[in-house]
Structures are given as C-alpha cells and as structure tokens.
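Got your viewer open and a selection box ready? Load the model below and follow along, one stop at a time.

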Amino acid sequence: MRYLAPLLLVFALASPAGAAFDGPGALPVVKEATAVKTAPKDSPAVLEGVVLSRAGDELYVFQDASGETLVEIDDDLMKGRTVTPQNKVRLNGHVDSEDGKPTVDVDMLEVLH
C-alpha cells in the first residue's frame, strides 16, 4: 500500500486539468449547431440535442433547437452505447472540418436521457 499512494499521486498530477484559456483572444464556445458554420476552427463546442442519423464513417447529423450540423464521433466513444434520435445527448469537442464541411470533432459524448 505504501508504494501505491505515491504512484497514484504521480498519475493524478500528470493528468491534464481539462481547462481552457478564457480571456482576451480566447475562442468563443460554440453552443448551437448553426453556429458551427461560422465559428473559427478549433473553437470549443458544447452542444445539447439529438443525433439524427449516420452520414458516413464516424460522421453523424446532429440537431438542436437552432438546426443541424455534422459531428464526428469516434467509434471508441460510441462503443457499448446505444444512441437513438430519442436520446438527448451532450457533445463536447471542437470545431473542425471534414471534406471542407464544418463539423464538430467530438471528444466526449454524454447520454442525458
């Protein structure tokens, strides 16, 4: 046990904090699907809505109250989960592009209900 505590401390200190800069020059957080089209690349995104359909390999159509956008969700994030258009989800990621189309590259998927 005395060897385990220092090891856990090292891992805790080495893990990223998940914080982002918030101040002059910071990219605004995208909170609506329609805002993805005009947001600068790499802008952080937090979207809540539903995944409507699959649009390609790891590419999905996402919809919220503002409209639709494409989201890229890695298979690793989907494994072991069933997500249907009836499930509200929260997606955390950043604005990117796929074949010239604006998308959100999803880093975290949370099924809300």
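**A walk around the barrel**

Start with the pair β2 and β3, which run antiparallel to each other and share six bridges. Keep in mind as you click that this is a predicted model.

To pick out the partners here, select Q63 and look across to β3, where its bridge partner is E68. Then do the same with L59, whose bridge partner in β3 is E72. The turn between the two strands is a hairpin, with two residues joining β2 to β3.

Now switch on a surface and ask: how many of the six residues of β2 are buried? Five are, so β2 is largely enclosed by the rest of the structure. β3 is mostly covered too, with five of its six residues buried.

**Zoom out for a moment**

Colour by secondary structure. You should find two helices and five strands, and reading from the N terminus the order is α-β-β-β-α-β-β. The five strands form a closed barrel, in the order β1-β2-β3-β5-β4, and the pairing is mixed. Neighbouring strands of this sheet are turned by 55° against each other on average, ignoring direction.

With everything shown, a few overall values are handy. The protein has 113 residues, and 33% of them count as buried. About 7,400 Å² is exposed, with carbon and sulfur atoms supplying 56% of that area. Take the contacts with a separation of 6 or more: 48% of them link residues 24 or more positions apart.

**Step over to β1**

Select residues 44–56 for β1 and 59–64 for β2: these two strands pair in the antiparallel sense, over five bridges. For a single rung, pick S53, whose bridge partner in β2 is V61.

Next, go to the loop between β1 and β2, where E58 sits. The hairpin here has two residues between its strands, and E58 takes a positive phi near 60°. That is worth a label, as E58 is a residue other than glycine with a positive phi. Is E58 buried or exposed? E58 counts as buried because its relative accessibility is 17%, and the cut-off for buried is under 20%.

**Compare with the β4–β5 loop**

Jump to D99, in the loop between β4 and β5. D99 also has a positive phi, about 55°, although it is not a glycine. Its surroundings are another matter: D99 counts as exposed, at 74% relative accessibility.

**The parallel seam**

Select β3 and β5 together. What is the sense of their pairing? It is parallel, over three bridges. To find one of these bridges, click V71, whose partner in β5 is V104. Show the backbone hydrogen bonds while you are here, because strands of a sheet pair through them, whether parallel or antiparallel.

**Into the core**

Hide the backbone and show side chains for F62, V71, I73, L91, V104 and V106. In the largest nonpolar core, which has 20 residues, these touch the most other members. The elements giving two or more residues to this core are β1, β2, α2, β4 (89–98) and β5 (101–111).

L91 is a good one to centre on. Setting aside neighbours within four places in sequence, L91 is in contact with A45, V46, L47, F62, V71, I73, V106, M108 and L109. Of these, F62, V71, I73 and V106 are also on the list of core residues that touch the most other members.

**Back to β3: T69**

Select T69, which lies in strand β3. T69 counts as buried, since its relative accessibility is 7%. Which residues does T69 contact, once neighbours within four places in sequence are left aside? Light up A33, V36, L47, Y60, V61, F62 and P102.

**Last stop: D74**

Move along to D74, in the loop between β3 (67–72) and α2 (75–78). D74 is partly exposed, with 30% relative accessible area. Finish with a distance label from D74 to L59: the two are 15 residues apart along the chain, and their C-alpha atoms are separated by 8.4 Å. L59 is the β2 residue you met at the start, bridged to E72 in β3.

Methods:
Residues numbered from 1 in each chain as written. Predicted model: local features only at pLDDT ≥ 70, side-chain atom pairs only at ≥ 80, totals over all residues. Heavy atoms only, no water. Pairing = 2+ DSSP bridges. Helix = DSSP H or I, 4+ residues; strand = E, 2+ residues; numbered from the N terminus. Axes fitted to C-alpha atoms, helices over the stretch in contact; angles between N-to-C directions. Buried < 20%, exposed > 50% of the residue type's maximum accessible area, 1.4 Å probe, protein only. Core = buried A, V, L, I, M, F, W, Y, C linked by side-chain atoms within 4.5 Å. Contact = heavy atoms within 4.5 Å. Areas by Shrake-Rupley, 256 points an atom, 1.4 Å probe, with all protein chains shown as cover.
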